[in-house]
Amino acid sequence: GIDVLTFGESMVAFRSDGPLVQGGLQTTRVAGAESNVAIGLARLGHSVAWAGRVGADPFGRLVLRELRAEGVDTTYAVVDVERPTGLMFVEQRTADLTLVEYRRTGSAGSALDPADVGAAVARTRPRLLHLTGITPALSASALECVTSVAESASAAGVLVSLDVNHRNRLWTREQAKEALTPIARRAAYVIASDDELDLVADGTEEEAVASLLAHGVVQVAVKRGPRGASVHTVAGRVDVDAVPVTAVDPIGAGDAFTAGFLSGVLDGLDPGECLRRGAEAGAFAVSAKGDWEGAPTRADLALLHGHRPGATV
Ligand code: ADP
């Protein structure tokens with residue numbers, strides 16, 4: 001089997017060089033949290049497959065060719081001839097405020113079907129199945145897909161990871177909580193921003209974590225942006241500072257973090273070392289424009305170790 005299978009909706013993102021209302025030049029890139037994580041893991045040398053639906057249009061072909069170029073297996077992706085690839089239009093208003101306009105209602109990606117993913121799990125036999133809280137928000141069939149595969153995979157001994165990834169444009173916090181709580185309880189690894197933990201368990205951070213660990217979650221990673229991150233296990237809590245870098249684009253930090261963290265898990269590292277790899281990958285991501293373009297390879301990570309700030313290597 002492979003290391004990781006993930007699935008979800010990948011879109012084409014058009015990033016404007018100024019406010020969208022003024023038009024301007026657009027940069028065309030592939031976007032999608034799960035495919036960002038897949039690329040991040042592939043760059044770190046893991047075998048990864050991405051499943052999902054794209055339209056029979058140039059945007060769908062762009063998504064698949066970019067993933068393949070990054071070493072992600074797309075064998076189990078489905079080309080949906082009846083629906084278009086989802087699109088998004090992005091304008092960066094300030095260094096850390098980005099506005100997004102989606103054209104994804106009725107997209108191929110949202111028509112994900114449990115059979116698509118069931119076949120991918122059976123054929124790839126992954127060690128780890130990575131899920132996000134975005135996919136179940138896309139449609140009733142996508143929710144069914146994530147819920148059922150989380151249950152069947154965890155019952156079959158596949159490690160499941162969930163990045164809560166709340167998208168308030170797709171559903172309310174109440175809807176998210178109802179859908180994601182049972183999925184999180186099936187997961188071995190739950191990853192959330194500090195303002196997302198209440199979508200998978202009640203109470204303060206410590207109370208929410210205690211409840212997840214009691215349901216069998218092995219590690220809960222909490223992201224805090226430039227303030228770093230934490231990991232909780234039954235043995236306690238470990239914190240890591242963010243790696244000090246000049247952030248040029250905060251989008252994608254979380255997905256790079258998740259890829260780095262899961263890479264550590266796959267390598268059998270201690271929780272604190274998984275956390276460090278996540279924070280390092282997040283720092284590379286914010287240092288480059290684009291959602292996944294800055295995600296590090298192992299050689300990139302090695303650059304951080306043993307060089308003083310300002311060094312030319
Ligand atoms: P998300 O994109 O999901 O909101 P975060 O912004 O919390 O995720 O980023 C994930 C991780 O990336 C953080 O825990 C941190 O380690 C790293 N990171 C994020 N922003 C910065 C930054 N400005 N400088 C350095 N590291 C950062």
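**Ligand shell, cores and three buried sites**

Glycine 282 sits in helix H8 of this predicted model. With a relative accessible area of 9%, glycine 282 falls under the 20% cut-off and therefore counts as buried. Once neighbours within four places in sequence are set aside, the residues in contact with glycine 282 are Ala253, Ala256 and Phe257. A look further along the chain gives a sense of distance: glycine 306 is 24 residues away from glycine 282, and the two C-alpha atoms are 19 Å apart.

Helix H8 also turns up at the ligand. Of all contributors to the shell around the ligand, H8 gives the most, namely four residues. The shell counts 18 residues, and those that come nearest are Lys223, Gly225, Gly228, Val243 and Gly254. By class, the shell splits into eleven nonpolar residues, five polar ones and two charged ones.

Several polar atoms line up with oxygen on the ligand. For lysine 223, a polar atom of the side chain is 2.9 Å from a ligand oxygen. With glycine 225 the backbone does the job, as one of its N or O atoms lies 2.7 Å from an oxygen atom of the ligand. Glycine 254 likewise brings in a polar backbone atom, 2.9 Å from a ligand oxygen. As for cover, the ligand on its own exposes 550 Å², and 82% of that is buried by the protein. Two elements give two or more residues to the shell: helix H7, spanning 253-266, and helix H8, spanning 271-286.

On to the packing of the protein itself. In soluble globular proteins, nonpolar side chains tend to be buried together. Here the largest nonpolar core holds 44 residues, and Phe7, Leu129, Leu131, Val200 and Leu212 have the most contacts inside it. The element that gives the most to this core is helix H4, residues 140-155, with six residues. Valine 200 shows what such a position looks like up close: leaving out neighbours within four places in sequence, valine 200 is in contact with Leu162, Val164, Leu180, Thr181, Ala184, Val190 and Leu212. A separate core of 36 residues lies apart from this one, and its members include Leu41, Ala229, Phe261 and Val265.

Two polar or charged residues away from these lists are worth a look as well. Serine 35 belongs to helix H1, residues 33-43. Its relative accessible area is just 1%, under the 20% limit, so serine 35 is buried. The side chain of serine 35 has a polar contact of 2.6 Å with the side chain of serine 10, and a polar atom of the serine 35 side chain is 3.2 Å from the backbone oxygen of glycine 32. Beyond four places in sequence, serine 35 is in contact with Ser10, Trp50 and Leu67.

Aspartate 57, for its part, is in a loop, the one between strand E5 (53-55) and helix H2 (58-69). At 14% relative accessible area, aspartate 57 is under 20% and so is buried too. Apart from residues up to four places away in sequence, aspartate 57 touches Pro84 and Thr85. The side chains of aspartate 57 and threonine 85 are joined by a polar contact of 2.6 Å. Glycine 272, which is 215 residues from aspartate 57 along the chain, has its C-alpha atom 43 Å from that of aspartate 57.

Methods: Residues are numbered from 1 along each chain as its sequence is written. This is a predicted model: local features need pLDDT of at least 70, side-chain atom pairs count only at pLDDT 80 or more; totals for chains, interfaces and linings use all residues. Side-chain values use heavy atoms; hydrogens and water are left out. A residue is near a molecule or strand if one of its heavy atoms lies within 4 Å of it. A polar contact is a pair of N or O atoms within 3.5 Å; within protein, one must be able to donate a hydrogen and the other to accept it, and residues adjacent in sequence count only if both atoms are side-chain atoms. Accessible areas come from the Shrake-Rupley method with a 1.4 Å probe; for residues, only the protein chains shown count as cover. Ala, Val, Leu, Ile, Met, Phe, Trp, Tyr, Cys and Pro count as nonpolar, Asp, Glu, Lys and Arg as charged, and the others, Gly among them, as polar. A nonpolar core is a set of buried Ala, Val, Leu, Ile, Met, Phe, Trp, Tyr and Cys residues joined through side-chain atoms within 4.5 Å. Buried means under 20% relative accessible area, exposed over 50%, partly exposed in between (1.4 Å probe, protein chains only). Contact means heavy atoms within 4.5 Å.
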